[in-house]
Every structure is written in C-alpha cells, then in structure tokens.
Amino acid sequence: MRSLRRFFSRLGNFATRRQDDERLREEIAEHIALQTAENVRAGLSPVEARRQAMLKFGGVEAIKEDYRAEGGLLLVENLLRDLRFAARMLRTVLSGRSLSWHDDKDAPHVAVVNVEFARRIFGSVTSAVGEYYKLQDGTRIKVVGIAEQGKYTSLTEDPKAAMFIPFLQSPSSETWMVVRSSRDSQQLAPAIRNALQDLDTGLPVYIQTWTKELDHPLFAPRMATLSLGVLGGIAAMLSVTGIFGMAAYSVSKRKKELGIRMALGAQRKEVLQAALGRAFNLLTFGSATGLLLGILASRVLAFVVYQATPRDPLVLAGVVLAMFLLGLLATWIPARRALSIDPMKLLREE
Amino acid sequence: MKQKTDVLQGTLALMVLKTLDVLGPQHGYGIARRIEQISGDVLAVNQGTLYPVLLKLEQEGAIASDWGASENNRRARFYRLTREGRKQLQAETQGWEQTAAIIGRFFAVKAEDLS
C-alpha cells in the first residue's frame, strides 16, 4: 500500500521535478542562512559562520543527486536494459556525444538520456549534458548526450523518461540486436542464427522481424480503430434511418397542407422548407452537439488511437462532409416525395 | 556502503517522525538541529542528508509540507506529521523496541545460561 502510494506520488511528482529542484535550492539556502545566524550568535564572524554552516550542511551537489534519486529515477529504471530502441535512438544524439566502445567497465559511468529525462530531472535539455545523477543503488552516472524522444511501450504513451547506458558498464544476460538488411528476412534469419551460434553454440537465439514485433504494440490501436469504425458505421446507419423515418412521416402527415400550399402557388423552396425545415433544424442541432462532444472526447480518443485529433482540419472537414452527405441521403426521398405532390390528385383522392 | 546508508536513512526517517511528533511543525533546519541536539555528535552526518529523507517521507504520505516564515522572516518549508505518519511512527517505534529488546537479551546472555 505504501509503496503503491509512493509510486503514484512519484508519478505526480515527476511532472513537477523542476519545481522540486527549485524548492530544494530555496530550502538549502534558508537552512544555511539559519545555521549561519546561529553561528553568529555563538560568536563567529559572519564569514566564518557561513563557512561553518556550509561545512556542516555537506556537499550540496551530492544532496541534490540523492534528492533526485529519491524523487523519481525508479520509474526509468525498468527501461534501463530495454535496448530495442537504443540502436535507433542513439544514432541521432541531439547534443553531446553518443555511447562508444570506450565506455567500458574501467571508464567512468556514463549515459545518454532522452529529452524527457533531461527536462524532468535537470530542468532543460541544454543544461543536462555534463550533469550527474544517481541510480537507486548509488551508482553515479554522468550524462554525456541527449537522445531524441521515442516511444517505449506503446504508441500513445505520454513522453517517458529513458536512459541509455553502455552495455559494457551494465552487462546483462540477455540483449536485443537490431539487424538492418535489404535481404529477405526468410534468408536472413538462418544467417543471423549461424553467425551467433558461431560465437557460442549454447546461445539461445530468438529472431523476430521488425513488422512482426510492431504487431504487438499496434494490436490495441488496430482493434480500437476497427471497433470504433464499426460502431461509427452502425451509428451512421441508425441516424440515416431515423432521419429518413422522421422526414418521411412529416411529409406524409402534412401532405394535405403541402398540397394546399402548392395550390396557392408556393415555390419548390418554400415547400421543402415547410416539409423538412424541422428535420433540418434537428439535424443541424444534432450535428453541432455531436461535433462538440467529439472534440471534448478527443483526449479519450487520442489515448486509444495513435495521433488521433479532431482538431485536424482534414478530420473536421471530413466529419462535417460525412454528416452533410448522410443528412442529404436521409432526406432525399422524403424531399422528392414532398415535391411530387400533385394538388389535383390529392383533391380527388380525399 | 549501501547498507550503511540504508540503515542510516531508516533511522533518520524515524528520528524525523519522532521530532515532528514531539515538537510539531518544523522546517528542515529545525529538525536537523533537534536531531543533532538529542543524538549529540554520535550521529556525524551532514545536515543536508536530511532533505532526501524528508522528500521520501513526504512521498510516502507520512509527512506533509507547506511554505511558512522562518525565524529570519524568509520563506522556509515547514514539515508536519500526518495521520498516516503518526501510525507509521507507532508501528516503527514498536518494531525498534522489540528489536532492541531481543538484541539486549542476546548481549545479556552468558555461557552458563545456555547450559
């Protein structure tokens, strides 16, 4: 329970990392000021009092690192060894340098962190290079470069903090390699397998194509899009039949009135207005409401479907056009029926 | 090394909770002063190490903090014990007393007692 609460609090705090840094700075300043005042009261000269106070407080940088480690690095640690994306990400280091073979176990611990990491832990991308942070186990790591932001667990995730650390400094019993080739994957797989078995016959090898690998993260959005599409289709059908029914009913019920209007010389436009005005009003009102709700529900939608946003003018125009066409389709036949009323025939029949 | 800091963090946290329990809301410096006074020079840690502990406790919900005015009349962060913190303090106090009692008994034991 406590750890769960802590996790959520960390999630929350993670977003306010910069404020935390600010807060700590202020707290430290005040702490040292209070201690200095105390020392002055004890008879020290102001300069000496301040020196003593700072000595007593300890290394500010080390404290800051501990504070950061306490504040949120736990969250990124599970991404530590997920090297699947590293290969791609590390080719384009935004600033600083990438990892190299020289970053071995004898060299100082280094890492390339992504934009989100730099922003959250250090406040900005530019200030992160050359800074240090601490892992939960106390390892001190220097940031040597910034990698661009990536997607790590799902396509629709919010930006996640990630760090890339050299394999030689953090060996693991399993690893991912990305093989790029223009050859057919059917031929390539045995070749890769052979090459790896040549290294060590006992190595378990698991090979997966990039597209197959992408199936997994894409499954949820695909299903969501499909089901949303089907639901949308059903909704469109329902609305077409509903509008059609209402318009047809209104026309048939007011046949007599329409006939009289026509006999009195009403124009086609006026007849249509009388017959379908209400239907059109309802349609406009319903469409506007639907559009508004759709925009309001955009966050939910964006969570499910990658890059879905109703603010996209193309999407918005498409929706309006589709609604217009559906409305046209549904009122077409009743409109024709209203226009084809023959007052003479009507008189004879009634 | 790691173990030592872990133990230290744990005891520091408990000291912080107890200090806040006894004295009410305090800023970081006040807590550090109190801990120093009570433990004497035995606990030779930098005062700064207190702040990560405070953050941890706050994230756990054991303490809460607000800005207030310090004796210098500047902004300082004041920490106070929450209800959950009080519960935690009780539980941990009990734990410590138990541990201390057991260890005490082991130290008191003489060879003839076991024969």
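Reader: Before we look at any helix, what does buried mean here?

Author: A residue is called buried when its relative accessible area is under 20%. The model in front of us is predicted, and in chain A of this model buried residues make up 31% of the 350 residues.

Reader: With that cut-off in hand, why is helix α3 of chain B described as largely enclosed by the rest of the structure?

Author: Helix α3(B), residues 50–60, has 9 of its 11 residues buried, so the rest of the structure largely encloses this helix. As a general idea, an α-helix has 3.6 residues a turn, so residues three or four places apart point the same way. In the present case the buried residues include B:Leu50, B:Val53, B:Leu54 and B:Leu57, and B:Gln59 and B:Glu60 are also among them. After the helix comes B:Gly61, whose phi is positive, near 90°.

Reader: Turning to strands, how many residues of β4 in chain A are buried, and which strands are joined to β4(A) by bridges?

Author: In a regular strand the side chains alternate between the two faces of the sheet. Strand β4(A), residues 140–147, is mostly covered, with 6 of its 8 residues buried. Strand β1(A), residues 93–96, runs antiparallel to β4(A) and is joined to it by 3 bridges, with A:Val93 partnered by A:Ala147. Strand β2(A), residues 110–114, runs parallel to β4(A) and is joined to it by 5 bridges, one of the partnerships being that of A:Val113 with A:Ile146. Strand β3(A), residues 132–134, pairs with β4(A) in the antiparallel sense over 3 bridges, and here A:Lys134 has A:Arg140 as its bridge partner.

Reader: How should I read the interface, and what area is buried between chain A and chain B?

Author: The size of an interface is often given as the accessible area lost when the parts come together. Between chain A and chain B the buried area is about 2800 Å², of which carbon and sulfur atoms give 51%, and 30 residues of chain A are in contact with 33 residues of chain B.

Reader: Which side chains meet in a salt bridge, and which helix of chain A gives the most to the side that touches chain B?

Author: The count between the two chains, A and B, is 5 salt bridges, including one in which the side chains of B:Arg74 and A:Glu30 meet at 2.9 Å, N to O. On the side of chain A that touches chain B, helices α1, α2, α3 and α4 of chain A each supply at least two residues, and α2(A) gives the most, with 12 residues.

Technical notes: Residues are numbered from 1 along each chain as its sequence is written. Chains are lettered from A and ligands numbered from 1 in the order in which they are written. This is a predicted model: local features need pLDDT of at least 70, side-chain atom pairs count only at pLDDT 80 or more; totals for chains, interfaces and linings use all residues. Side-chain values use heavy atoms; hydrogens and water are left out. Buried means under 20% relative accessible area, exposed over 50%, partly exposed in between (1.4 Å probe, protein chains only). Helices (H or I, at least four residues) and strands (E, at least two) are DSSP runs, numbered from the N terminus. Two strands pair if DSSP finds at least two bridges between them. Contact means heavy atoms within 4.5 Å. Buried area is the accessible area (1.4 Å probe) that two parts lose on being put together, summed over both. A salt bridge is a side-chain nitrogen of Lys or Arg within 4 Å of a carboxyl oxygen of Asp or Glu.
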